Amino acid sequence: MGTAISLDLADDLPAAMLHELAEQTFGWLREVDARFSTYRDDSEVCRFDRGELPLAEASVDLRAVLDRCADLWRETDGFFDVYATGRLDPSGYVKGWSAQVASDRLVEAGAANHCLNAGGDVRVRGRSATGEKWRIGVRHPWDPTATCLVLTGTDLAIATSGVYERGHHVVDPRRGVPAQGLRSVTVVGSDLGVADAYATAAVAMGRAGITWLDQLPDYRHAAVTDDARLLHTPTLPLPD
């Protein structure tokens, strides 16, 4: 998926079962990469974008993702736009969605305590192997060796969108230029795909994204501005 992915299975289960669960999780994420990668000419999303694959012949997953992205386009007043760069790119939803699906499958399989980190999009359930709440560091947008804040909890979906690795790659779809104003946005809620899309949309909005995020009833957020201000909702799950 073009990023590092880590999985921490914290349940006291037989080693063989843990190994199989890990293999299934990474197998699913490799399947998603093969289907949705915008860097692979043979991926389903690229073939669809070039008009080589009719929607009626697309996989159930691709059709479901496109439908959800259309909903998110409406929910974000057009700022979450999979065509913002001029070609189909649903990556701003797919990474979080695929990790959310993987986490849900782990719970169904009996691994109720785990942490899945897909390049900064994190889904935690239950508790760590020590019995403590999970602690998730959010990367400092100027210092890759530091965190700008730490979150803690037992059932959190945490998505961060930023411009610190690939530059200002998030496009303001209304102006067709790289978005400015926010260095990074972290959104916390119950669904990682939605949190991922909301974080991307907020970055695309620029400073106005903070006001938009404030109006979301079920998602909390933190944002770092281009002038190095850290702003966050007072109910963010910070350590005690």
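This passage describes a sheet, a helix and a buried serine in a predicted model.

The sheet is open and has 7 strands. Their order is S1-S2-S3-S6-S9-S10-S11, and the pairing is antiparallel. Strand S1 (5-9) and strand S11 (230-232) stand at the edges. Each has a single partner strand, so one side of each is left without a neighbour in the sheet. On average, neighbouring strands are turned by 10° against each other, direction ignored. Helix H1 packs on this sheet and touches S1 and S2. The direction of H1 makes about 155° with that of S1.

Strands of a sheet pair through backbone hydrogen bonds. Strand S2 (residues 114-118) pairs with strand S3 (residues 121-125) in the antiparallel sense, over 5 bridges. Leu116 has Arg123 in S3 as its bridge partner.

Ser161 lies in strand S6 (residues 155-162). Its relative accessibility is 8%; residues under 20% count as buried, so Ser161 is buried. Beyond residues up to four places away in sequence, Ser161 touches Val170, Ser184, Val185, Ala199, Thr200 and Val203.

Helix H3 (residues 60-75) has 16 residues. At 1.5 Å a residue, H3 should span 22 Å. Its end C-alpha atoms are 23 Å apart, which agrees. The buried residues of H3 are Leu62, Val65, Leu66, Cys69 and Leu72. Seen down the helix axis, these residues fall within an arc of 120°, so they line one face of H3. Their cover includes helix H1 (15-36), helix H2 (44-49), helix H4 (91-108) and helix H5 (192-205). On the other side of H3, Val60, Asp67 and Arg74 are exposed. Asp77 follows H3 and has a positive phi, near 55°.

Terms used
Residues are numbered from 1 along each chain as its sequence is written. This is a predicted model: local features need pLDDT of at least 70, side-chain atom pairs count only at pLDDT 80 or more; totals for chains, interfaces and linings use all residues. Side-chain values use heavy atoms; hydrogens and water are left out. Helices (H or I, at least four residues) and strands (E, at least two) are DSSP runs, numbered from the N terminus. Buried means under 20% relative accessible area, exposed over 50%, partly exposed in between (1.4 Å probe, protein chains only). Contact means heavy atoms within 4.5 Å. The expected span of a helix is 1.5 Å times one less than its number of residues. The arc is that of the directions from the helix axis to the C-beta atoms. Two strands pair if DSSP finds at least two bridges between them. Axes are lines fitted to C-alpha atoms, for helices over the stretch in contact, and angles run from 0 to 180 degrees between N-to-C directions.
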